[in-house]
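Let's take a walk through a protein together, beginning at one small spot and then widening the view. Please have a look at the sequence and the 3D picture before reading on.

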Amino acid sequence: MSGTAVARLDELTAGVPRLVEVGGARIVLARVGDAVYACADACAHQGGPLSQGKLSRTRLACPWHGWQYDVRTGQCVFPGRGASVRSYPVEIADGEIRLVLS
Ligand code: FES
């Protein structure tokens, strides 16, 4: 198994983003059902903390000015021409969430 263990699945609540720090990178975890997605915590607009934003299903809204991202891809979905944030592959095995940072 590759990746770095960052949390257990049962520690995450759907709709509640969670900040983790791995290798100096600040990454937000988003649980959607039994899936977990991960993307950079810093908003592409002005660096707002996405981990403090509102998560509705797969859409994560920045708390500063409301840009919204699809947590599955990191793509900005509002406004339409906003820059994306980096997304990270997630592995879940035996209830453990692992991030692949390569
Ligand atoms: S810093 Fe996130 S929307 Fe402005």
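Our starting point is aspartate 94, a residue in the loop between β10 and β11. Keep in mind that this is a predicted model. Is aspartate 94 buried or exposed? With a relative accessibility of 73%, aspartate 94 counts as exposed, because the cut-off for that word is over 50%.

The backbone of aspartate 94 also deserves a look. Most residues other than glycine have a negative phi. Aspartate 94 is not a glycine, and yet its phi is positive, at about 55°. The residue sits in the hairpin of β10 and β11, where two residues lie between the strands. On either side of that turn, β10 covers residues 90–93 and β11 covers residues 96–99, and the two strands pair in the antiparallel sense over four bridges. Within this pair, alanine 93 stands opposite glutamate 96 of β11.

A second residue makes a good companion to this one. Arginine 57 belongs to the loop between β5 (54–56) and β6 (59–61). Arginine 57 is not a glycine either, but it has a positive phi of about 55°. Its relative accessibility is 64%, so arginine 57 counts as exposed.

Now for a residue with other surroundings. Aspartate 41 is placed in the loop between β4 (35–40) and β5. Its relative accessible area is 3%, so aspartate 41 is buried; the cut-off for buried is under 20%. Which residues does aspartate 41 touch, once its neighbours within four places in sequence are left aside? Its contacts are Leu19, Arg26, Ile27, Val28, Gly48, Pro49, Leu50 and Ser51.

Another loop holds a special peptide bond. Most peptide bonds are trans. The bond that joins phenylalanine 78 and proline 79, however, is cis, with omega at about -5°. You can find proline 79 in the loop between β8 (75–78) and β9.

Following the chain into β9 brings us to a sheet. Four strands make up this open sheet, in the order β2-β3-β4-β9, and their pairing is antiparallel. At the edges stand β2 (18–22) and β9 (87–88); each has a single partner strand, so one side of each is left without a neighbour in the sheet. The partner of β2 can be followed in detail: five bridges join β2 to β3 (residues 25–32), and the two run antiparallel. Here arginine 18 stands opposite leucine 29 in β3.

Let's step back and take in the whole protein. How many helices and strands does it have? There are zero helices and eleven strands. The C-alpha atoms fill a box of roughly 35 × 25 × 20 Å along the principal axes. For 102 residues, a compact globule would have a radius of gyration near 13 Å, and the protein agrees with this because its own value is 13 Å. Of those 102 residues, 41% count as buried.

Contacts along the chain add to the picture. Among contacts between residues at least 6 apart in sequence, 40% join residues at least 24 apart.

Last comes the outside of the protein. Its accessible surface is about 5500 Å², and 47% of this belongs to carbon and sulfur atoms. The protein carries 11 positive and 9 negative charges, and the mean positions of the two groups are 9 Å apart.

Methods: Residues numbered from 1 in each chain as written. Predicted model: local features only at pLDDT ≥ 70, side-chain atom pairs only at ≥ 80, totals over all residues. Heavy atoms only, no water. Rg over C-alpha atoms; globule rule 2.2 N^0.38 Å. Buried < 20%, exposed > 50% of the residue type's maximum accessible area, 1.4 Å probe, protein only. Contact = heavy atoms within 4.5 Å. Areas by Shrake-Rupley, 256 points an atom, 1.4 Å probe, with all protein chains shown as cover. Lys, Arg positive; Asp, Glu negative; His and termini not counted. Charge placed at Lys NZ, Arg CZ, Asp CG, Glu CD. Pairing = 2+ DSSP bridges.
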